[in-house]
Amino acid sequence: MRRWLAAVSITMASVLGLAACGGGGAGQASQAPAASGGGKKQVEVFSWWTGPGEADGLQAMRKIFEEKNPDYTFFDAAVAGGSGDKAKALLQSKLQANTPPDTFQGHAGAELQGYIKAGNLEDLTPLYDELKLKDVFPAQLVEQISVDGKIYSVPVNIHRSNVLWFNPGVLKEAGITAAPKTIEEFIADLGKVKAKGKIPLSIGSEWTVTHLLESVLLGTLGADAYNALFKPGADWNGPQVTTALNNFAKIMEYAGDPQDDWQPAAKQVADGQAAFNIMGDWAYGYFHNPPQGGLGKKSKTDFDWAPSPGTEGTYLWLSDSFTLPKGAKNRDGALAWLKVAASKEGQDAFNPKKGSIPARKDADQSLYTDYLADALKDWSTNKLAGSIQHGVSVNQPWLAAINEAVGLYIGSKDVKALQQGLADAATANAQ
């Protein structure tokens, strides 16, 4: 979703990509829970869900939790901040002081490795067995979040990274009749848009370029070769990666001026200034939600979507999940929360508001419409590949090294140096 003791001092550029699942604004940490009256025990749930949609989804799960567990009261320990960086810094200090929250949000996958290696998390495999979660979560998902056969988090949702967002009117003006399916078609279409004087591809801050890179790697290599890059001994200096990085360089030639973050880059597409943007599906909520929380745009008219070029049939995934810290003050209450987070009822209450889909295979499909209906269908049938930028495939130090290599490339345009930087990052950090 990482070795946090080492990661806290690493440049914050490496965590900006986590804005995908993080709240906006620069709020302050919640106060510590006060003693609860009436004999109820408080359950401290730590997250960075404070923005529109995500906070609503959390409250929907809270309502279910408190209805099912009248002896517990929910304490919302959410910490506001643009990408979860404030939350993670506070969490690290709490873990070091041996005062963990009862449960905390983290991205399922490699992001949790640091906590696991530090001995901060309990193994949740018995809970998976009790709730038969291996029967309702896709086998590929369970495999990708397992560490040495053990599972340390409960995924509550799934986001998709490899989404090509486009403006139908801009494409029509450029003579493009359908979204490009291959990298080669994409590069050709970028040229057509440029000839019409529009921005072919919008980009945001540096992390969005790494986000773009992971889709180009997947679109060039395919799911199996992409997933193999994150295994020990992977050849990041090989010819397939060279081809992918040359594709990336060609695509970047058509990028517009970098925007401050992903939202203004996405807005260029919705407003008809740009043709394409590759961003995770949290962009759907930004496009679609009413103006007070988004742009209030109309799908299939102001914006449309397709798998990023070359990736049809593969779901480049990331997931918010909850953990059970060792030493939790209210361990039983935390387990009760995890059961709600894992449940069909909890996930179906949370995800339509969050703008994501459930990790479970048995979701109520009637609740997921428009883009979310497409995502739900693809999630149940596609191959899975883990996001680099959003915590699945690489730990925090590895991601920091990748972002450093990408940042140097943005300035130098040196593909050979980029490939060597990626290879060095893998050698230093692969598990």
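Begin the tour by selecting G106 and S321: S321, in strand β13, is the bridge partner of G106. The model on display is a predicted one, and every step below refers to that prediction.

**Stop 1: strand β3 and its partners**

Extend the selection from G106 to the whole of β3, residues 103–107, and add β13, residues 320–322. These two strands pair in the antiparallel sense, over three bridges.

Next, colour β3 by accessibility. How many of its five residues are buried? Five of the five are buried, and the strand is mostly covered. Display the side chains to see which way each residue points: T103, Q105 and H107 point one way, while F104 and G106 point the other way. Residues on both faces of β3 are buried.

Now add β1, residues 41–46. β1 pairs with β3 in the parallel sense, over two bridges. Two pairs of residues are worth labelling here. V45 stands opposite T103 of β3, and F46 has F104 as its bridge partner in that strand.

β1 also pairs with β2, residues 72–76, again in the parallel sense, over five bridges. To locate this pairing, select Q42 together with T73, its bridge partner in β2.

**Stop 2: the open sheet of four strands**

Clear the view and select β8, β9, β10 and β11. These four strands form an open sheet in the order β9-β10-β8-β11, with mixed pairing. Which strands stand at the edges? They are β9 (199–201) and β11 (304–307); each has a single partner strand, so one side of each is left without a neighbour in the sheet. Viewed along the sheet, the twist from one strand to the next averages 20 degrees.

At the β9 edge, add β10, residues 274–278: two bridges join these strands, which run parallel. Label L201 and F276 to see one position in this pairing, since F276 in β10 is the bridge partner of L201.

**Stop 3: helix α13**

From β10, move to helix α13, residues 262–270. Show its side chains and select W262, A265, A266, Q268, V269 and A270, which are buried. What do these buried residues pack against? Their surroundings are β8 (163–166), β9, β10, α10 (206–221) and α14 (282–288). Before leaving, select G272, which follows α13 and has a positive phi near 80 degrees.

**Stop 4: the pair α18 and α19**

Select helix α18, residues 396–412, and helix α19, residues 415–429. Their axes come within 9 Å and cross at roughly 170 degrees. Because angles over 145 degrees count as roughly antiparallel, α18 is roughly antiparallel to α19.

To display the contact, show P397, W398, A401, I402, A405, V406 and Y409 on the α18 side. Opposite them, show V415, L418, G421, L422, A425, A426 and N429 of α19. By class, this contact has 12 nonpolar residues, two polar residues and no charged ones.

Two further residues in these helices deserve a selection of their own. G407 is found in α18 and is partly exposed, with a relative accessible area of 21%. Draw a distance from its C-alpha to that of V209: the two residues are 8.6 Å apart in space and 198 residues apart in sequence.

Q419 lies in α19. Is Q419 buried or exposed? Q419 is buried, with a relative accessible area of 7%. Beyond residues up to four places away in sequence, Q419 touches W236, N237, G238, V241, T242 and L245.

**Stop 5: T314 in strand β12**

Select T314, whose place is in β12, residues 314–318. T314 counts as buried, at 7% relative accessibility. Leaving aside residues up to four places away in sequence, T314 touches R160, N162, L218, A223, N382, K383, L384 and A385.

**Last stop: colour by confidence**

Finally, colour the protein by pLDDT. The average is 89, and 89% of the residues score at least 70. Two stretches should be selected here. Over residues 1–20 the pLDDT is below 50, and this stretch has 76 contacts in the model beyond near neighbours in sequence. Over residues 22–32 the pLDDT is likewise below 50, with 32 such contacts. Where pLDDT is low, the predicted coordinates should not be read in detail.

Conventions:
Residues are numbered from 1 along each chain as its sequence is written. Side-chain values use heavy atoms; hydrogens and water are left out. pLDDT is the predictor's confidence in each residue, from 0 to 100. Contact means heavy atoms within 4.5 Å. Two strands pair if DSSP finds at least two bridges between them. Axes are lines fitted to C-alpha atoms, for helices over the stretch in contact, and angles run from 0 to 180 degrees between N-to-C directions. Angles under 35 degrees count as roughly parallel, over 145 as roughly antiparallel, 65 to 115 as roughly perpendicular and the rest as oblique. Ala, Val, Leu, Ile, Met, Phe, Trp, Tyr, Cys and Pro count as nonpolar, Asp, Glu, Lys and Arg as charged, and the others, Gly among them, as polar. Buried means under 20% relative accessible area, exposed over 50%, partly exposed in between (1.4 Å probe, protein chains only).
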